[in-house]
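Me: Got a model here I'd like to go through. Can we start with the contacts between its parts?

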Amino acid sequence: MSSSYPIVDIHTHMYPPSYIRLLSSRSTVPYIHQPSEDPNADPRLIILASDDDPARPKSARGRPVDGTYSSFDQKRQFMQAHGITCSVISLANPWLDFLDPESALPTAQEINDDLDKACAENNAQPSGLKLYAFGCLPLSAPSQDIVQEIHRLKTLANVKGVIMGTTGLGQGLDDPALDEIFAALAATNTLVFLHPHYGLPDSAFGGQETIAKSGHVLPLALGFPLETTIAVSRMYLAGVFDRHPQLQFLLAHSGGTLPFLAGRIESCVAHEREFIANGGHRQGPKRSIWEVLHSNLYLDAVIYGQPGLKAAIEAAGSVDRVMFGTDHPFFPPLGDDKNSKWLSVESNISAIDGCFPQNEEAQRKILGGNAVRVLGLDL
Ligand code: 5CU
């Protein structure tokens, strides 16, 4: 793909070297395992609970982790190969969720500084490729540390928001203890890129043995998007967007199944007798799910097909609220040709193309214009 306008990838991950070191120092999920029997083999990345299948040797668990996960050179090669002019990189799951409270803040600071520095070094080069970052938060640390890091991130020139998972402080994103954090995010105008990691319990898929028969398909194709859908629905039902009307979230994987289910959520809320608006005694959400979708939520375009992308654009209320992403380095080509185009990227691009075959303006917005506007990117 080559175009006369910026192509911005807002969903593209890195495990910077400091994070690789951290995972390599661990032996429980999440961890990186270097097979001792073959020191030349790629280490294994074992991050999902379903990856750590005790029925397999460690050298066969998870997936190989090569330089695409941590090398900025390889990120640039990938961008060049796919005509991407700017990437907003983010730490991949499970971020810092597993850290103890004492180490969380210094680790977040180190990783955020590493990301900002790598972007600054890249942007000083004349290659024409730009890098920005979503920072990470020390969510297992005391709230004041989290708020402190939210404010500090605003001083890092190349950090354009934060990425986080769906567990928040450990109890989910409807936890009232998050109000202080959400207030700080809203007050600092910090976009939150919400990304799944934990999926659904194995039992939802028939247990680990059934999951293993199709590798990552069930946890990734269904578990991830449903996790996001449930997390945002819980936030909505708990009134988070009523209490924090300025909060801005970007939802991974086109919002999971939220675009498809929003009407059903709205209908269930309208019929729930528990809610004060319907004669009950509990405060239900005050704003409609559509209003929240149109004013608090952006969706990425990482959905790999036209029907999903159309639903995302329709639910977001406008083509102005959907942004292109690749999910690099996940879903690499399976063959030996390292230079081949990535099917995952091509299917996202052809979905955009297919939704707007005659509308270059709409394509331009999704492929980069919206990210430039929303994140204030200097391209
Ligand atoms: O393939 C995977 O497991 C993943 C993952 O863990 N995180 C992600 O962003 N995409 C795919």
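Me: How many residue pairs are in polar contact between domain 1 and domain 2?
Reply: This is a predicted model, and between domain 1 and domain 2 the count is five residue pairs in polar contact, both residues at pLDDT 80 or more.

Me: And how many salt bridges across that interface?
Reply: The rule finds zero salt bridges across the interface of domain 1 and domain 2.

Me: Which elements sit on the domain 1 side?
Reply: Helix H3 (101-123), helix H6 (208-213) and helix H7 (217-237) are the elements that give two or more residues to the side of domain 1 touching domain 2. H3 has the largest share there, with four residues.

Me: What's the make-up of that side, nonpolar, polar, charged?
Reply: The domain 1 residues touching domain 2 divide into 15 nonpolar, six polar and three charged.

Me: Back up a bit. Where are the domain bounds?
Reply: The domain assignment of the protein chain puts 8-12 + 82-375 in domain 1 and 17-69 in domain 2. The contact takes 24 residues from domain 1 and 19 residues from domain 2.

Me: How far apart are the centres?
Reply: The C-alpha centres of domain 1 and domain 2 are 25 Å apart.

Me: What area is buried between them?
Reply: About 1,600 Å² is buried between domain 1 and domain 2, and carbon and sulfur atoms give 64% of that.

Me: Which three residues supply the most on the domain 1 side?
Reply: Phe98, Gln208 and His216: they supply 31% of the area that domain 1 buries against domain 2, more than any other three residues.

Notes. Residues numbered from 1 in each chain as written. Predicted model: local features only at pLDDT ≥ 70, side-chain atom pairs only at ≥ 80, totals over all residues. Heavy atoms only, no water. Domains from an automatic or database assignment. Contact = heavy atoms within 4.5 Å. Buried area = accessible area lost by both parts, 1.4 Å probe. Salt bridge = Lys/Arg side-chain N within 4 Å of Asp/Glu carboxyl O. Polar contact = N/O pair within 3.5 Å; in protein donor to acceptor, adjacent residues only side chain to side chain. Nonpolar A, V, L, I, M, F, W, Y, C, P; charged D, E, K, R; others polar.
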